[in-house]
Amino acid sequence: MDRNNILAHRGLWTDTAERNGRAALRAALNQGFGIETDCRDSAGKLYVSHDPVDVSAQPLLASEFLSHYKELGSDGRIALNIKADGLQKDLETLLDGTGVPVENVYAFDMSVPDTLGYLRHKLPFYTRMSEYEPLPAFLDSAQGIWIDDFTGEFPQVAKAVEYLALGYRVAIVSSELHGRSPDGLWKNIKTTGINQNPKLELCTDHPLQAFEFLGTDK
């Protein structure tokens, strides 16, 4: 698994207060990792923010984040967790303005009605699969599948093997994002060998450790 397919969940951080901050996101990019982060709007601008935007706190503009990505010559995957409806046109304009290749970026976690807007704007998006979403919506139109496991009972790796074999990109959510140890999941990924597949991604709070265990950089 290349570094650019390991998605640093809200950046590379040691304290949760640092998540989605400039330093955390830049550190992850500087290390060559992909990024999973949050996107929402306020007063006509897009921000990197999980919660409603507090402009007085000087939140990170999405344009600043993507410009740094471009300046570094990064090619890691960028997974944008969409936190508000109707961002398609602004996101399209942002990608055009920063010059970030649209094929490196995808949106996910939108509502079903909002996903239709991503289809109309031809913006890449991933559909979802979990114990609560056994049949991924828009599968024929999606660029990949975001495979989650909220309870520890959903066979993420088996599903990843199945859909990778069909040619889909797949992003697995690592167990620590739900308060469980990732050890079993990572061992299962390595045992099946899917960490060798260039279409597999892993979203994790521990990108350095994940690369040490699963990495296959040349």
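Visitor: How many aromatic pairs does a search of the whole structure find?

Guide: Six aromatic pairs turn up in this predicted model.

Visitor: What makes the pair of tyrosine 106 and tyrosine 126 stacked?

Guide: Happy to go through it! Ring centres must lie within 6.5 Å to pair, and planes under 30 degrees apart count as stacked. Tyrosine 106 and tyrosine 126 are 3.5 Å apart centre to centre, with 5° between the planes. Both values meet the cut-offs, so the pair is stacked.

Visitor: Where in the chain do these two tyrosines sit?

Guide: Tyrosine 106 belongs to strand S6 (residues 105-108) and tyrosine 126 to strand S7 (residues 126-129), so the pair links parts of the chain 20 residues apart. Both tyrosine 106 and tyrosine 126 are buried. Ring pairs also link Tyr106 and Tyr126 with Phe108 and Trp146 into a cluster.

Visitor: Why is the pair of tyrosine 132 and phenylalanine 150 called tilted?

Guide: Their ring centres are 5.7 Å apart, which is within 6.5 Å, so the rings pair. The planes stand at 50°, neither under 30 nor over 60 degrees, and therefore the pair is tilted. Tyrosine 132 lies in the loop between S7 and strand S8 (144-147), while phenylalanine 150 lies in the loop between S8 and helix H5 (156-165).

Visitor: Why is tyrosine 132 called exposed, and why is phenylalanine 150 called partly exposed?

Guide: Exposed means over 50% relative accessible area, and tyrosine 132 has 58%, so it qualifies. Phenylalanine 150 has 34%, between the 20% and 50% cut-offs, so phenylalanine 150 is partly exposed.

Visitor: How do you know that the charged end of lysine 190 sits over the ring of phenylalanine 213?

Guide: One part of the test is a distance within 6 Å of the ring centre. The charged end of lysine 190 is 4.5 Å from the centre of the phenylalanine 213 ring, so that part is met. Arginine 19 lies over the face of tryptophan 13 in a similar way, at 5.5 Å from the ring centre.

Visitor: What makes strand S9 largely enclosed by the rest of the structure?

Guide: Five of the five residues of S9 (residues 169-173) are buried, so the strand is largely enclosed. Both faces are covered, with Arg169, Ala171 and Val173 on one side and Val170 and Ile172 on the other.

Visitor: How do you know that S8 and S9 pair?

Guide: Pairing takes at least two bridges, and four join these parallel strands, so they pair. One bridge partner in S9 is valine 170, which matches isoleucine 145. The β-α-β crossover from S8 through H5 to S9 is right-handed.

Terms used:
Residues are numbered from 1 along each chain as its sequence is written. This is a predicted model: local features need pLDDT of at least 70, side-chain atom pairs count only at pLDDT 80 or more; totals for chains, interfaces and linings use all residues. Side-chain values use heavy atoms; hydrogens and water are left out. Buried means under 20% relative accessible area, exposed over 50%, partly exposed in between (1.4 Å probe, protein chains only). A charge sits over a ring if NZ of Lys or CZ of Arg is within 6 Å of the ring centre and within 35 degrees of the ring normal. A crossover is right-handed if, with the strands pointing away from the viewer, the path from the first strand over the helix to the second runs clockwise.
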